[in-house]
Amino acid sequence: MDQIAISTAAFCLWDIPPEEKLLIGRNLGFEHVEIALSTEAMVRKFLDFLNTCEFAGSYKQIALHAPWHGIAYGKSARSEKLVVQLTEIVDRLGIQSVVFHCDCIQNPKSLVASGLPIVLENTAVPESWERFSNFLNNYPWRVSLNLNKATRDHGHLERILETWRHRIERVHLSGHVDGRGRMPLKTTCQLNCLEKIKGLKVPMVLEGLFPPGNTLSIAEERHLVKMILTDN
């Protein structure tokens, strides 16, 4: 299977429904998609979509990115309801990876109890390293390496690769300017960052914000990433 994947987060500027995001990715030849649902409302809408459209099987591998806006995963009724909804999506689509931002987790034991296949993502906050490491030291979670966040001024990329390389399950690819933004690596001239992760044989997930309607920019980013990672 192709190592390069697409995240639906790459279509955040496109103002299109979930089914269209998934169709575009498949038409571009992606075999692996990460469904990114940033809010609780998006989770509800995606469940509605699953009730009306048959989409399972159109991708060989599907991952899920749990909401990260305005949510703290813990023991609250609100959090418990969201976890139940995420579990339904996981079960219906046969998902084997659910990505959580480490700074959104208030009570890790509640997530462990859910049985979700948790993959922990690093944040862009310098002081988050201790929190990130504590979770990984205490729970058998895998790692989603966010290249954008890890290549900012705090040097987390080297620390993650040195300490948690064996636990990395996927890599999110996007670039930033002056420590901000989520743009294609070509746009930010940061394709050179890929040299440090060339040895990782895991899905490389494109999630930079591509210009609305410009599928060529997605194809170009995929091609450039693949060239660097495979040396051809």
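These are my notebook entries on one group of strands and one pair of helices in this structure. I worked throughout with a predicted model.

**Entry 1: strand β6**

I looked up strand β6, which covers residues 142-146. I noted that 4 of its 5 residues are buried, so the strand is mostly covered; buried here means under 20% relative accessible area.

**Entry 2: the neighbours of β6**

I then asked which strands pair with β6. Strand β5, residues 118-121, pairs with β6 in the parallel sense over 3 bridges. As a single example, I recorded that Leu120 has Val143 of β6 as its bridge partner. I traced the chain between these two strands: from β5 it passes through helix α5, residues 129-138, and on to β6. I entered this β-α-β crossover as right-handed.

Strand β7, residues 168-173, also pairs with β6, in the parallel sense and over 4 bridges. Here I recorded Val171 of β7 as the bridge partner of Leu145.

**Entry 3: helices α2 and α3**

I turned next to helix α2, residues 40-52, and helix α3, residues 77-93. Their axes come within 11 Å and cross at roughly 35°. I noted the crossing as left-handed.

Which residues make the contact? From α2 I listed Glu40, Val43, Arg44, Phe46, Leu47, Leu50 and Asn51. From α3 I listed Arg78, Leu82, Gln85, Leu86, Glu88, Ile89, Arg92 and Leu93. Sorted by class, the contact of α2 with α3 holds 8 nonpolar, 2 polar and 5 charged residues.

How values were computed: Residues are numbered from 1 along each chain as its sequence is written. This is a predicted model: local features need pLDDT of at least 70, side-chain atom pairs count only at pLDDT 80 or more; totals for chains, interfaces and linings use all residues. Side-chain values use heavy atoms; hydrogens and water are left out. Buried means under 20% relative accessible area, exposed over 50%, partly exposed in between (1.4 Å probe, protein chains only). Two strands pair if DSSP finds at least two bridges between them. A crossover is right-handed if, with the strands pointing away from the viewer, the path from the first strand over the helix to the second runs clockwise. Axes are lines fitted to C-alpha atoms, for helices over the stretch in contact, and angles run from 0 to 180 degrees between N-to-C directions. A crossing is left-handed if the near helix is turned anticlockwise from the far one by less than a right angle, and right-handed if clockwise. Contact means heavy atoms within 4.5 Å. Ala, Val, Leu, Ile, Met, Phe, Trp, Tyr, Cys and Pro count as nonpolar, Asp, Glu, Lys and Arg as charged, and the others, Gly among them, as polar.
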